[in-house]
Amino acid sequence: MAIFCWRRWKELNEMVIRRLEGNAIEFCAIEPIEINLLRQVPTVCESGENPRSEGRLFSKPADASEAQFLNDWEEYVRPELRHLFLSARNTVSEDLKTLSTGPGKLGHFVVPHAHRDAWLNVLNQARLILATKYNFTDRELSMHEQPRWFSRRDMVLQQINFYAEIQERIIDIVENE
Amino acid sequence: MVETAVETEVETSIALPWNVVVHDDPVNLMSYVTMVFQRVFGYSKEKAQHHMLEVHYKGRSVVWTGARERAEFYVQQLHGHLLLATLERAE
């Protein structure tokens, strides 16, 4: 499992994620690079429609000795899971359409209370897909080094950490209601 | 006679306790896994954290044991949260 280092990203950014009345979640003071990363979330998820990513998103629920269970799972459960994941992606895409920004302005949008689980799910999808694509290890995902921004791999790792930061903030808000 | 024997074997197999096992992966956050255990099983934060740490340090944790149908339901729920979960016959 990944141990996310909140301070690592926090020191570099001032984006604010906070709970509003009614338990909606407000994202504000979003820098252009963060807006770009946020808008990439649905695209990253769509890029997961390949055998490797699918193998992680739809992992086997039992070993081969449970042949009937595995067959039933493929026929009935997997389509339900696919629907769940797609539905969450659509919810996040719609929320991102409300992200207001402009030249010289920081971004702002609100995630309604009912959409919080969709955000947690989709951020996880995006992180899993990126980590699978680039074969990141447990150590890399938990390392406490400053970002170097030397390679595409380093940049993707920062993207994964950025999404992890948002997940952590949403979980923190949910737990402290 | 043969059909009865097969049916009995299947019934016995289903009646046995089944484990819901969660496996470690490098991506899911510890806080996220803890939250999912609380939501899916209704565990206290302490119990959820105990299982989360077992997954993290031992690579897997038996998070629930019981009837087959319920175990299948829990595995599906955990997959819906993108955790690596499997169903296993309890020893």
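How many of the 177 residues of chain A count as buried? The share is 30%. Keep in mind throughout that this is a predicted model.

**Stop 1: chain A, overall**

Colour chain A by secondary structure. Seven helices and four strands appear. Read from the N terminus, the order is α-β-β-α-α-α-β-β-α-α-α. Now turn to the contacts in chain A with a separation of 6 or more: 70% of them come from residues 24 or more positions apart.

**Stop 2: the sheet of chain A**

Select the four strands of chain A. They form an open sheet in the order S1-S2-S4-S3, with antiparallel pairing. Strand S1 (16–19) and strand S3 (100–102) of chain A are at the edges; each has a single partner strand, so one side of each lacks a neighbour in the sheet. On average, neighbouring strands here are turned by 15° against each other, direction ignored.

Zoom in on S1(A) and S2(A). The two run antiparallel and are joined by four bridges. Pick Val16(A): its bridge partner in S2(A) is Cys28(A). Then follow the chain around the hairpin of S1(A) and S2(A), which has five residues between the strands. Stop at Gly22(A), where phi is positive, near 85°.

Move across to strand S2 (residues 25–30) and strand S4 (residues 105–111) of chain A. Five bridges pair them in the antiparallel sense. Show side chains for two opposite pairs. Phe27(A) faces Phe109(A) in S4(A). Glu26(A) stands opposite Val110(A), also in S4(A).

**Stop 3: helix H2 of chain A**

Select residues 32–46 of chain A, helix H2. How far apart are its end C-alpha atoms? They lie 22 Å apart, which agrees with the 21 Å that 15 residues should span at 1.5 Å a residue. Look along the axis for a bend. H2(A) turns by about 35° at Gln40(A), and the proline Pro42(A) follows within four residues.

Which residues of H2(A) are buried? Highlight Ile35(A), Leu38(A), Val41(A), Val44(A) and Cys45(A). An α-helix has 3.6 residues a turn, so residues three or four places apart point the same way. Next, display what lies over these buried positions. The cover includes S2, helix H4 (67–97), S3, S4 and helix H5 (116–134) of chain A.

**Stop 4: the sheet of chain B**

Switch to chain B. Three strands make an open sheet in the order S2-S1-S3, with antiparallel pairing. Strand S2 (60–66) and S3 of chain B are the edge strands, each with a single partner, so one side of each has no neighbour in the sheet. Neighbouring strands are turned by 25° against each other on average, direction ignored.

Centre on strand S1 (residues 18–23) of chain B. Six bridges join S1(B) to S2(B), and the two run antiparallel. Trp18(B) stands opposite Gly66(B) in S2(B). Add H4(B), which packs on the sheet and touches S1, S2 and S3 of chain B. The direction of H4(B) makes about 165° with that of S3(B).

**Stop 5: where the chains meet**

Show both chains and select the contact. It takes 26 residues from chain A and 21 residues from chain B. On the chain B side, at least two residues each come from helix H2 (30–41), helix H3 (45–58), helix H4 (68–80) and strand S3 (84–89). Which element of chain B gives the most? That is H2(B), with five residues. Finally, colour this side of chain B by residue class: 13 nonpolar, seven polar and one charged.

Terms used
Residues are numbered from 1 along each chain as its sequence is written. Chains are lettered from A and ligands numbered from 1 in the order in which they are written. This is a predicted model: local features need pLDDT of at least 70, side-chain atom pairs count only at pLDDT 80 or more; totals for chains, interfaces and linings use all residues. Two residues are in contact if their C-beta atoms, placed from the backbone, lie within 7 Å. Ala, Val, Leu, Ile, Met, Phe, Trp, Tyr, Cys and Pro count as nonpolar, Asp, Glu, Lys and Arg as charged, and the others, Gly among them, as polar. A residue is buried if 20 or more other C-beta atoms lie within 10 Å of its own, exposed if 12 or fewer, and partly exposed in between; C-beta atoms are placed from the backbone. Two strands pair if DSSP finds at least two bridges between them. Axes are lines fitted to C-alpha atoms, for helices over the stretch in contact, and angles run from 0 to 180 degrees between N-to-C directions. The expected span of a helix is 1.5 Å times one less than its number of residues. The bend at a residue is the angle between axes fitted to the seven residues ending there and the seven starting there.
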